[in-house]
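Reader: I should like to understand the reasoning behind the terms used for this structure. Please set each value against its definition.

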Amino acid sequence: MTASTAHPHPHPDFGQAPAYGSGSFGSSDSPDNTDSPDNSGLSGSFDSTAQLLNRITAQLSSQLSHVTLTAVPRGPALVAVAHGSRDPAARRTVRALLDRVRALRPGLPVHLGHIELNEPLLDDTLAGLRGDVVLVPLLLGHGYHVKQDIPQALARAPHLRGLTAAPLGPHPLLAETLHVRLAEAGWRKGLRRAGVVLAAAGSHDPDWPADTARTAELLSQRLGGAPVLPAYASGTGPSVEEAAGALTARGHRVAVASYFTAPGRFAAQTSAGAPWIAAAPLGAHSAMARLVLHRYDQALAAAGRAAPLHLASA
């Protein structure tokens with residue numbers, strides 16, 4: 001799957017930004033300059049500095065009244081697509097993450113839609129938008145939701161011109177965040193005979209294990225070569241208990257890295273099986289916010305549209 005996939009019937013004008021507007025100041029040769037308190041400028045004598053300042057202020061107010069402000073194009077709206085969870089902390093976490101995204105890219109319209117379980121649902125979010133949109137999955141690999149659910153939701157919104165970005169993972173910024181969460185839980189540089197189970201959601205999609213394994217490799221590099229074994233809360237593949245058992249048999253203390261965007265049932269379930277320390281989910285870390293914007297920019301670049309200014313570094 002490419003970094004971004006276009007809407008099944010993208011509008012031919014998707015992403016063409018309107019021309020920037022400009023303001024103009026009124027000039028002294030304007031046929032109507034009667035609103036100026038003194039058309040002769042600032043010449044003449046003044047009894048005090050206060051009189052001079054008052055005259056300058058009046059002149060500036062007159063000139064500014066002729067300024068026309070036009071909107072600066074902000075780029076297509078970013079629609080973050082979360083899975084949804086019955087855990088109320090999940091929605092709070094996702095909203096905090098999007099607040100960080102907005103802080104990094106002021107003026108960019110950022111919206112949230114859930115695949116299931118939480119409002120607003122993705123279909124409802126898309127129904128309320130107009131124009132150009134980029135859907136950014138807050139998901140960590142290529143699975144059914146990314147390949148089927150999200151493109152189908154966009155197809156059900158023919159009033160929009162849209163793109164679907166790649167999922168967040170795999171990417172080095174995820175390994176950075178996982179490392180931070182492990183350090184918060186007690187992981188220290190130079191630990192000997194320590195290993196990590198990368199606990200992820202499961203999927204029957206054949207691309208999912210490869211994406212998770214790549215993140216495990218990136219995390220191992222961040223940890224100075226410590227072994228990192230993927231494990232899954234559902235579907236095929238080793239469970240957290242099985243992966244932890246394999247590391248224990250090799251003489252390692254075992255930490256669990258929670259490879260979930262936000263808290264939820266699977267995150268709690270896999271952390272409960274940690275033999276040593278368990279890290280918090282990825283959450284609203286600044287690296288996650290940069291990654292969301294990176295995927296948004298990638299989608300626009302793949303569609304031939306220049307990304308907005310003030311890009312977040314990836």
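Reader: What makes the lining of the largest pocket nonpolar, polar or charged by class?

Author: In this predicted model, the lining of the largest pocket comprises 18 nonpolar, 13 polar and four charged residues. Ala and Phe count as nonpolar, and Gly as polar. Among the 35 lining residues, those closest to the centre of the pocket are His83, Gly84, Ala201, Phe260 and Phe266. The space in this pocket is about 800 Å³.

Reader: Which helices each supply at least two residues of that lining?

Author: They are α2 (88–104), α4 (144–155) and α8 (265–272).

Reader: Why are α5 and α6 called oblique to each other?

Author: The axes of α5 (residues 172–185) and α6 (residues 207–222) cross at roughly 55°. Angles under 35 degrees count as roughly parallel, and 65 to 115 as roughly perpendicular. The value for α5 and α6 belongs to neither class, and the two helices are therefore oblique. Their axes come within 9 Å, and α5 passes α6 in a right-handed crossing.

Reader: How do you know that β8 and β9 pair?

Author: Pairing requires at least two bridges between the strands. Strand β8 (residues 253–259) and β9 have two bridges, in the parallel sense, so the criterion is met. Val256 stands opposite Ala278 in β9.

Reader: What makes β7 and β9 edge strands?

Author: The four strands form an open sheet in the order β7-β6-β8-β9, with parallel pairing. Both β7 (228–232) and β9 (277–278) pair on one side only, and each is accordingly an edge strand.

Technical notes. Residues numbered from 1 in each chain as written. Predicted model: local features only at pLDDT ≥ 70, side-chain atom pairs only at ≥ 80, totals over all residues. Heavy atoms only, no water. 1 Å grid on protein atoms, 1.4 Å probe; cavity = no way out; pocket = protein on both sides within 12 Å on 5 of 7 lines; lining within 4 Å. Points joined across faces, edges and corners; volume = space filled by probe spheres on them. Axes fitted to C-alpha atoms, helices over the stretch in contact; angles between N-to-C directions. Parallel < 35°, antiparallel > 145°, perpendicular 65-115°, else oblique. Left-handed = near helix turned anticlockwise from the far one by under 90°.
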